[in-house]
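This report goes through one protein chain, from the whole chain down to single residues. Look at the structure first, then read on.

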Amino acid sequence: MTRLGTGIGWRPEIADAVERMPGIDWVEAVAENICPGHLPESLLRLRERGVTVVPHGVSLGLGGADRPDEERLTALAERAEALGSPLVTEHIAFVRAGGPLTATPRLEAGHLLPVPRTRDALDVLCENVRIAQESLPVPLAVENIAALLAWPGEEMTEGQFLYELADRTGVRLLIDVANLHTNHVNRGEDPAKALAELPLEAIAYVHVAGGLERDGVWHDSHAHPVPRPVLDILTDLTSRVAPPGVLLERDENFPEPAALERELDAIRGAVEAGARQRDTEQRGASARETAGAGADGGSEPSAVAGDATRQRLGLAQAALLSSLVAGTPVPEGFDRVRLGVQARALSAKRADVVAKLAPELPLILGTGYRAAFVAYAQGHPMRGGYRQDALDFAERLLLGGQLAEGRARRELRRWWLDRSGPAPRPLSRLGRVGQVGRALIGR
């Protein structure tokens with residue numbers, strides 16, 4: 001297994017600082033933000049210095065009911081080859097639901113959502129992972145995610161679920177200790193128990209990140225300092241095994257480089273503390289025995305998820321996602337309060353991402369942008385990615401009469417037309433955009 005060392009998530013906002021940081025052995029870049037033919041100069045310079053770059057995917061949806069999209073797999077493979085990466089990573093999550101499999105509208109979450117820890121979901125996930133492994137030029141590692149909500153009727157703990165996944169597919173694991181902390185606060189799950197049940201030898205590397213607690217819910221924000229409980233879980237993990245790599249994630253609200261370097265030092269300290277414990281305690285054998293006995297009647301490695309299994313999972317995921325993004329009733333057995341928190345978080349994330357991809361919108365709409373977008377998002381699911389979401393939001397404001405005539409309306413109309421034009425596009429919720437474009441020109 002490739003030894004990586006200590007790393008940090010590469011983001012354009014901190015690219016210059018990352019290049020100057022001492023002791024950075026490797027970086028991880030969001031795969032969807034990289035174009036193989038036009039790699040950022042910063043990443044090229046890091047590679048020339050011998051710094052490993054790992055592409056980290058966020059949109060494949062391996063935990064979804066559908067088989068992995070071939071185009072997305074090809075794109076991930078191209079990024080691995082362009083970066084000369086020793087492995088690629090993705091998430092154990094679903095990010096979209098509906099479509100032909102379930103004869104329901106296709107919905108996009110714009111976020112990583114948890115899969116139920118059931119036999120059906122495990123069979124589908126294992127098959128999807130095998131499909132991905134066959135399509136990628138380097139090994140795949142998959143990450144446990146943070147969750148605000150729990151599925152009713154789950155049949156396994158997180159540790160058991162991950163153990164069986166690794167055992168049946170040979171996939172490597174990217175263990176996010178911040179996500180273990182999130183699930184401890186939000187779902188009452190014991191991170192030490194999860195670690196004891198994991199196949200530690202399958203760990204490819206470890207994520208560490210910060211978050212914040214609000215109204216009894218932990219939000220895995222990647223925008224705050226790493227808290228002590230997360231570092232303690234990292235120490236627990238490294239007391240059991242020496243992970244090939246450990247990486248600090250930070251996605252926004254970036255502090256000064258010195259603050260990031262202090263966080264990296266704290267991470268190194270937590271790893272060293274775990275290593276000292278590992279030298280004096282012999283817990284590895286008992287941890288593996290616990291893991292081996294944890295799962296109850298595992299499926300055969302050769303089990304294939306049939307269409308009926310995929311359809312059952314797909315219907316459940318579509319019902320959940322529809323309640324989160326389209327306002328349909330909460331499926332039976334779910335915590336309504338937690339689903340409300342998750343729905344609001346999804347709307348807020350959409351507003352934040354759209355503001356980054358289309359920064360003209362907050363400038364045009366001023367302080368009213370966020371409230372207007374959140375109100376729009378609660379009744380209008382994302383249908384084609386965040387860039388399309390920005391266009392749909394502007395279209396709704398212009399045609400819905402929420403925006404009075406004046407400078408803001410004129411600028412928004414000009415912005416929309418510059419990016420959409422009056423030429424016909426596929427049918428949208430408001431009719432063919434050829435008709436919409438003519439209506440907007442008239443307004």
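## Loops, core and a helix pair

H222 sits in the loop that joins β11 (217-219) to α8 (228-240). The helices (H or I, at least four residues) and strands (E, at least two) named here are DSSP runs, numbered from the N terminus. The model is predicted, and local features need pLDDT of at least 70, side-chain atom pairs count only at pLDDT 80 or more, and totals for chains, interfaces and linings use all residues. Residues are numbered from 1 along each chain as its sequence is written, and side-chain values use heavy atoms, with hydrogens and water left out.

H222 is not a glycine, yet it has a positive phi of about 55 degrees. Its relative accessibility is 9%, so H222 counts as buried. Buried means under 20% relative accessible area, exposed means over 50%, and partly exposed lies in between (1.4 Å probe, protein chains only). N253 also has a positive phi, of about 50 degrees, and is not a glycine either. N253 belongs to the loop between β12 (245-248) and α9 (257-280). With a relative accessible area of 52%, N253 is exposed.

The chain as a whole comes next. The protein chain contains 17 helices and 12 strands. It has 443 residues, of which 54% count as buried. The chain exposes about 18,800 Å², and carbon and sulfur atoms supply 52% of that area. Accessible areas come from the Shrake-Rupley method with a 1.4 Å probe; for residues, only the protein chains shown count as cover. Contact means heavy atoms within 4.5 Å. Among the contacts in the chain with a separation of 6 or more, 76% are between residues 24 or more positions apart.

Which residues have the most contacts inside the largest nonpolar core? They are I8, V27, L43, L140, L165 and V208, in a core of 85 residues. A nonpolar core is a set of buried Ala, Val, Leu, Ile, Met, Phe, Trp, Tyr and Cys residues joined through side-chain atoms within 4.5 Å. Not counting residues up to four places away in sequence, I8 touches I14, V18, M21, I24, W26, V27, E28, L247, L248, L260 and L264. Another core lies apart from the largest one and has 24 residues, including A351, L397, L403 and L412.

Three further residues are set side by side below.

| Residue | Place | Relative accessibility | C-alpha distance |
|---|---|---|---|
| A147 | loop between β7 (140-143) and α5 (158-169) | 3%, buried | 9.1 Å to W218 |
| R72 | helix α3 (residues 70-83) | 32%, partly exposed | 9.8 Å to G61 |
| L195 | helix α7 (residues 191-197) | 0%, buried | 9.4 Å to I175 |

Along the chain, A147 and W218 are 71 residues apart, R72 and G61 are 11 residues apart, and L195 and I175 are 20 residues apart. Leaving aside residues up to four places away in sequence, A147 touches P114, T182, N183, N186 and R187. With the same neighbours left out, R72 touches S59, L60 and R96. L195, again without its neighbours within four places, is in contact with L180, L200, I233, D236, L237 and R240.

The last topic is a pair of helices. Two packed helices are described by the angle between their axes and the distance between the axes. Helix α12 (residues 336-357) packs against helix α15 (residues 386-400) at an angle of about 95 degrees, and their axes are 9 Å apart. The two helices are therefore roughly perpendicular. Angles of 65 to 115 degrees count as roughly perpendicular, under 35 as roughly parallel, over 145 as roughly antiparallel and the rest as oblique. Axes are lines fitted to C-alpha atoms, for helices over the stretch in contact, and angles run from 0 to 180 degrees between N-to-C directions. On α12 the contact is made by K349, R350, V353, V354 and L357, and on α15 by Y386, R387, D389 and A390. These residues divide into 5 nonpolar, no polar and 4 charged. Ala, Val, Leu, Ile, Met, Phe, Trp, Tyr, Cys and Pro count as nonpolar, Asp, Glu, Lys and Arg as charged, and the others, Gly among them, as polar.
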